[in-house]
Every structure is written in C-alpha cells, then in structure tokens.
Amino acid sequence: MTLLITVFAAVVATVKWYNRKDDSMRLGILVFMYWGASIMWLVDAIFEYAELGAEYFTPAAEDMLNDSFLGLAVVALGLVVWVVRLLILDPKGSVHAALTKQD
C-alpha cells in the first residue's frame, strides 16, 4: 500500500507539474520527493518479495492498514516539507506582504 499511495501521489504531482503555467509554486521539489519515495518503496517491495515469495501477495489486513497509514504519512510529510520550503522562499512575496502589512 505504501508503494501504491506514493506512486499515486507522484503521478498526480507530476501531472500538475507538467501542466503548470508558471513555476512559482516550485512543484519540482514535490515531484522529486514523491518519486524518490516511490523508488524507495519499490526497492523495499522487491527485497520483501525475494524474502517472502508468494506470501508477499497475501498480506494480513492489519499489515495493509499499517502500510496505508505509513503511505499517507509519507505523502503528508512531503506536503509539509514542500509548504515550509514554499513559505521560506516566498516566491510571490505573499508572506512578506502579510508580515509587513501595517494598519
């Protein structure tokens, strides 16, 4: 499930990055993080399949639930890192304008 969730997030981020009008949102870093996580989970799946064999395809429900939570946590952490980086870089100057706004 972790592989499936991160690949789905990577594909969505890649499609959004590919169809962008401008690069002010810096989606490239999000795409690289998600594809990196997907490759990591793919390698993990290959080694786990080599160890378990056919049992790999019949996981317990509890294992699938744990893997789903882990996959969602990885996607959420990637979004948090991306948003923090976006707020620090502030490409449109929105944060700076909000902080220096005087009434």
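**Exercise 1. State the confidence of this predicted model, for the chain and for its elements.**

Solution. In this predicted model the chain has a mean pLDDT of 91, and 99% of its residues reach 70 or more. Next, go to the elements: helix α1 (residues 2-18) has the highest mean pLDDT, 95, and helix α4 (residues 94-100) the lowest, 84.

**Exercise 2. Compare the reach of α2 with the expected value, and say what follows the helix.**

Solution. Start from the count: α2 has 26 residues. The expected span takes 1.5 Å times one less than the number of residues, which for α2 comes to 38 Å. From first C-alpha to last, α2 reaches 37 Å, close to that value. After α2 comes Gly53, with a positive phi near 75 degrees.

**Exercise 3. Identify the buried residues of α2 and what covers them, then place Leu42.**

Solution. Buried means under 20% relative accessible area. In α2 the buried residues are Leu27, Gly28, Leu30, Val31, Tyr34, Ala37, Ser38, Trp41 and Ala45. Their cover includes α1 and α3 (61-89). Leu42 also lies in helix α2 (residues 27-52), but it is partly exposed because its relative accessibility is 42%. Together with Ile39, Val43, Ile46 and Phe47, Leu42 makes a nonpolar surface patch of about 500 Å².

**Exercise 4. Find the salt bridge and classify the exposure of its partners, Asp23 and Arg20.**

Solution. The criterion is a side-chain nitrogen of Lys or Arg within 4 Å of a carboxyl oxygen of Asp or Glu. The count is 1 salt bridge. Asp23 pairs with Arg20, and their closest N and O atoms are 3.7 Å apart. Asp23, at 41% relative accessible area, is partly exposed; Arg20, at 35% relative accessibility, is partly exposed.

Key
Residues are numbered from 1 along each chain as its sequence is written. This is a predicted model: local features need pLDDT of at least 70, side-chain atom pairs count only at pLDDT 80 or more; totals for chains, interfaces and linings use all residues. Side-chain values use heavy atoms; hydrogens and water are left out. Patches are made of residues with over 30% relative accessible area and no salt bridge: like charges are joined within 9 Å, nonpolar side chains (Val, Leu, Ile, Met, Phe, Trp, Tyr) within 5 Å. Accessible areas come from the Shrake-Rupley method with a 1.4 Å probe; for residues, only the protein chains shown count as cover. Helices (H or I, at least four residues) and strands (E, at least two) are DSSP runs, numbered from the N terminus. Buried means under 20% relative accessible area, exposed over 50%, partly exposed in between (1.4 Å probe, protein chains only). pLDDT is the predictor's confidence in each residue, from 0 to 100. Contact means heavy atoms within 4.5 Å.
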